[in-house]
Amino acid sequence: MRYVSTRGEAPALGFADVLLAGLARDGGLYVPETWPRFSPKVIASWAGKPYAVVAGEVMRPFIGDAIPERELDAILADAHDQFAHALVAPLVQIGPEHWLLELFHGPTMAFKDVAMQVLARLMDRTLAERGQRATIIGATSGDTGGAAIEAFRGCDAIDIFILFPDGRVSDVQRRQMTTPVEANVHAIAIDGTFDDCQNIVKALFNDLAFRDRMALAGVNSINWARILPQVVYYFTSAIALGAPARKVSFSVPTGNFGDIFAGYAAKRMGLAIGQLIIATNTNDILARTAATGDYEPRPVVATSSPSMDIQISSNFERYLFELSGRDAGRVRSLMSEVAKGRGFRLGEADVAALRQDFAGHGIGEDEVARTLAEVHRSTGGMVIDPHTAVGVAAAGREAGRGGPIVTLATAHPAKFPDAIERAIGIRPPEPPRIAAQRTMAERFVRIANDAAAVARHVEERARAVGAGGRSA
């Protein structure tokens, strides 16, 4: 399998190089050169198989001979052993034809663990094989940072720097990033929004001299190897509900468009999906784009679902590449408008095609609170987190179209106790791991919204400088 950039001016790479590169050198995102496709018979044959086994079947065509089959199987088995539930991603019914897919049974109790535990092992194995070091730089709106630090903490060949918007993540999310004591972990609070953090990361990757000198690698969903493991749970959950014999729809709490793009990938690979529902909070750029065709960034609004407080959704570029018939020149033109702080308008044919693939709904704060309370009442006491509530509310707007709907439950409710207490009057029970972090010392630095200042901080601390780094 080879991978091409959405902007068409970077060389095609194999899986191992894409894994370590993250962002393409032309500023684009890597996508598979072709989409592998599974027959209904093959998909049906995965019913009842362990999650890690299905993961191997889904991921292997994208990895090819970059990792021997037995090594990949061992990596996947070890990664999924880190989850507290035997099914890794179990389904729980909350209403007629409505299920939650619980993706929060990993070490940091967020869906990002599903991919990050795999990604860390793939990167560690590839760097060891090449005798190289890497410097990971990532931006987080909340959960990615904790999941990445947890997965990579203590790695000898990797230093990890995570940027998060100061004061715009939950206390639990912040502590998951700032309490690890390993020397290779560096948490950086940026004076700005997630979009500011993401722009700094992109700027550092686009500085090719700095990128090569520091052997930069990315773990945000701009890295294709972050998206790939997320494709798996679309297959496992749909199969459990009768696919491929019937279609299953998915409501996906969405900020950076990575998780729902994984669902789109599953559909391209042959999974019978009825509807992919873009569930956004007040920062509803994706829902507005689906409704009107206008991709118009607006100021970020702080909400009770901070991981979705995003106005520039990086992975939407991957979908634009597919929507435009893989016209890299058109993608470059559209993304240059975004880089200038402007938006763009899709044509009528594109909007019609987008609506064939996605429905979009923006859910305001009042509706999030009502949904939290309604789920608690109707289920006899179930507590969900605000991001999941956004997905549940959006699924409710699409109910009645026929077939089951799965809402992705993206985080454990204990990560957002204040918002839940405001909505339903109780605080969710706190798992021991979260309780322990409350008494741990925090270790992080505050830096202005300045890419040069972040670059200096990284260069002073990363071990890849002059120590066997790589270029890609």
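**Figure 1. The lining of the largest pocket in this predicted model.** Twenty-four residues line the largest pocket, and those that lie nearest its centre are P96, H98, A395, A399 and I405. The structure shown here, and in every view that follows, is a predicted model. The space in this largest pocket comes to about 380 Å³. To find your way around the lining, look for the strands β4 (91–95) and β11 (273–280) and the helices α16 (365–378) and α17 (386–398), each of which supplies at least two residues. By class, the lining of the largest pocket has twelve polar, eight nonpolar and four charged residues.

**Figure 2. P386 in helix α17.** Helix α17, which contributes to the lining of the largest pocket, is also the place of P386. P386 has a relative accessible area of 0%, so this proline is buried. It may help to keep A349 in view as a second landmark: P386 and A349 are 37 residues apart in sequence, and their C-alpha atoms are 34 Å apart in space.

**Figure 3. The chain as a whole, for orientation between the close-ups.** The protein chain has 20 helices and 16 strands. Its radius of gyration is 21 Å, close to the 23 Å that the globule rule gives for 472 residues, so the chain is as compact as a globular protein of that length. Along the principal axes, the C-alpha atoms fill a box of roughly 60 × 50 × 45 Å. Of the 472 residues, 62% count as buried.

**Figure 4. The largest cavity.** The structure holds three cavities of 30 Å³ or more, and the largest of them has about 280 Å³ of space. Its lining is made of 27 residues, with F111, K112, G255, N256 and S307 closest to the centre. Two or more residues of the lining come from each of α6 (143–152), α10 (224–240), β10 (248–253) and α11 (258–268). Helix α11 gives the largest share, three residues. Sorted by class, 14 residues of this lining are polar, nine are nonpolar and four are charged.

**Figure 5. The second largest cavity.** Here the space is about 50 Å³. You can pick out the whole lining by name: S141, P165, R168, T193, F194, V300, P306 and D309. Four of these residues are nonpolar, two are polar and two are charged.

**Figure 6. Two loop residues with positive phi.** Most residues other than glycine have a negative phi, and this view picks out two exceptions. M109 has a phi near 60 degrees and is found in the loop between β5 (98–102) and α5 (112–130). With 8% relative accessibility, M109 falls under the 20% limit and therefore counts as buried. F257, with a phi near 70 degrees, sits in the loop between β10 and α11. The relative accessible area of F257 is 1%, so F257 is buried too. For readers moving between views, β10 and α11 are among the elements that line the largest cavity in Figure 4.

**Figure 7. A cis peptide bond before P244.** Most peptide bonds are trans. The bond from A243 to P244, however, is cis, with omega near 5 degrees. P244 lies in the loop between α10 and β10. Both of these flanking elements give residues to the lining of the largest cavity.

**Figure 8. A three-stranded open sheet.** The strand order is β2-β1-β3, and the pairing is antiparallel. At the edges are β2 (13–14) and β3 (30–32), each of which pairs on one side only. Strand β1 (residues 2–5) is joined to β2 by two bridges. To see one of the contacts residue by residue, start at Y3, whose bridge partner in β2 is L13.

**Figure 9. Two buried cysteines.** C155 has 13% relative accessibility, so C155 counts as buried. C197 is buried as well, because its relative accessibility is 0%. A disulfide is a covalent bond between the sulfur atoms of two cysteines. A search of the whole structure finds zero disulfides.

How values were computed. Residues numbered from 1 in each chain as written. Predicted model: local features only at pLDDT ≥ 70, side-chain atom pairs only at ≥ 80, totals over all residues. Heavy atoms only, no water. 1 Å grid on protein atoms, 1.4 Å probe; cavity = no way out; pocket = protein on both sides within 12 Å on 5 of 7 lines; lining within 4 Å. Points joined across faces, edges and corners; volume = space filled by probe spheres on them. Nonpolar A, V, L, I, M, F, W, Y, C, P; charged D, E, K, R; others polar. Disulfide = S-S within 2.5 Å. Buried < 20%, exposed > 50% of the residue type's maximum accessible area, 1.4 Å probe, protein only. Pairing = 2+ DSSP bridges. Rg over C-alpha atoms; globule rule 2.2 N^0.38 Å.
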